[in-house]
Amino acid sequence: MAKVEMYATRVCPYCSMAEALLRSKGIEPNKTLVDVNTEERARMRERAGGRHTVPQIFINGDHIGGFDELKALDQAGKLDPLLQAAAEG
C-alpha cells in the first residue's frame with residue numbers, strides 16, 4: 001500500500017476533504033496535526049518547498065501539494081495509478 005503522509009490541522013475543511021478522498025481509495029493517510037505539533041509546521045514548510053497552507057500531501061515521500069492538486073490528479077485519472085505504482089514500488 002502507498003505511504004501517504006498529510007500535514008493538517010484539526011479544523012481544516014480541505015484537510016477533511018483530502019482525507020475523505022484518500023479513504024475512498026482505501027488509503028489511510030499518516031496525518032500530522034501541525035496545530036497540535038507546532039514544531040512539525042517548520043518541517044512541513046521545508047518538505048513542501050515553502051508552502052505553509054494545509055493540507056500538504058506526500059505520496060511515498062513525493063510532494064503532491066494540497067487538496068486542489070490531489071483532486072486534480074484524481075479527476076485526471078492519475079491518482080489511482082500513482083497510488084498503485086507507489087504500492088508496488
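Here are four short exercises with worked solutions on this predicted model.

**Exercise 1. Strand E3 and its partners**

Work out which strands pair with E3, and in which sense.

*Solution.* Start with strand E1, residues 4-8: four bridges join E1 to E3, and the two run antiparallel. As a landmark for this pairing, look for Tyr7 opposite Gln56 in E3. Next, take strand E4, residues 62-65, which pairs with E3 in the antiparallel sense over three bridges. Here Ile59 stands opposite Asp62. Finally, turn to the faces of E3. In a regular strand, side chains alternate between the two faces of the sheet. In E3 (residues 56-59), Gln56 and Phe58 lie on one side, with Ile57 and Ile59 on the other. These four residues are all buried, and both faces of the strand are covered.

**Exercise 2. Backbone geometry on either side of E3**

Find the cis peptide bond and the residue other than glycine with a positive phi.

*Solution.* Keep the usual case in mind: most peptide bonds are trans, and most residues other than glycine have a negative phi. The cis bond joins Val54 and Pro55, with omega at about 0°. Pro55 sits in the loop between helix H2 (39-47) and E3. For the phi value, move to the hairpin that E3 and E4 form, with two residues between the strands. Asn60, in the turn, has a positive phi of about 50°. Its relative accessible area is 36%, so Asn60 counts as partly exposed.

**Exercise 3. Two cysteines**

Are Cys12 and Cys15 buried or exposed, and how many disulfides does the structure hold?

*Solution.* The cut-off for buried is under 20% relative accessible area. Cys12, at 9%, is buried. Cys15, at 3%, is buried too. As for disulfides, the structure holds zero.

**Exercise 4. Salt bridges along and across the chain**

The structure holds eight salt bridges; locate three of them and say which parts of the chain they join.

*Solution.* Begin with Glu5 and Arg47, whose closest N and O atoms are 3.1 Å apart. Glu5 is in strand E1 and Arg47 in helix H2, 42 residues apart, which makes this a link between distant parts of the chain. Glu5 is buried at 13%, whereas Arg47 is partly exposed at 23%.

Then look within helix H1 (residues 13-24), where Glu19 and Arg23 lie four residues apart, about one turn of the helix. Their side chains meet at 2.8 Å, N to O.

Last comes Asp80 with Lys25, at 3.1 Å between the closest N and O atoms. Asp80 lies in helix H4 and Lys25 in the loop between H1 and strand E2, so the pair ties together parts 55 residues apart in sequence. To finish, trace the network in which salt bridges with shared partners join Glu19, Arg23, Glu28 and Lys31.

Conventions
Residues are numbered from 1 along each chain as its sequence is written. This is a predicted model: local features need pLDDT of at least 70, side-chain atom pairs count only at pLDDT 80 or more; totals for chains, interfaces and linings use all residues. Side-chain values use heavy atoms; hydrogens and water are left out. Buried means under 20% relative accessible area, exposed over 50%, partly exposed in between (1.4 Å probe, protein chains only). Two strands pair if DSSP finds at least two bridges between them. A disulfide is a pair of cysteine sulfur atoms within 2.5 Å. A salt bridge is a side-chain nitrogen of Lys or Arg within 4 Å of a carboxyl oxygen of Asp or Glu.
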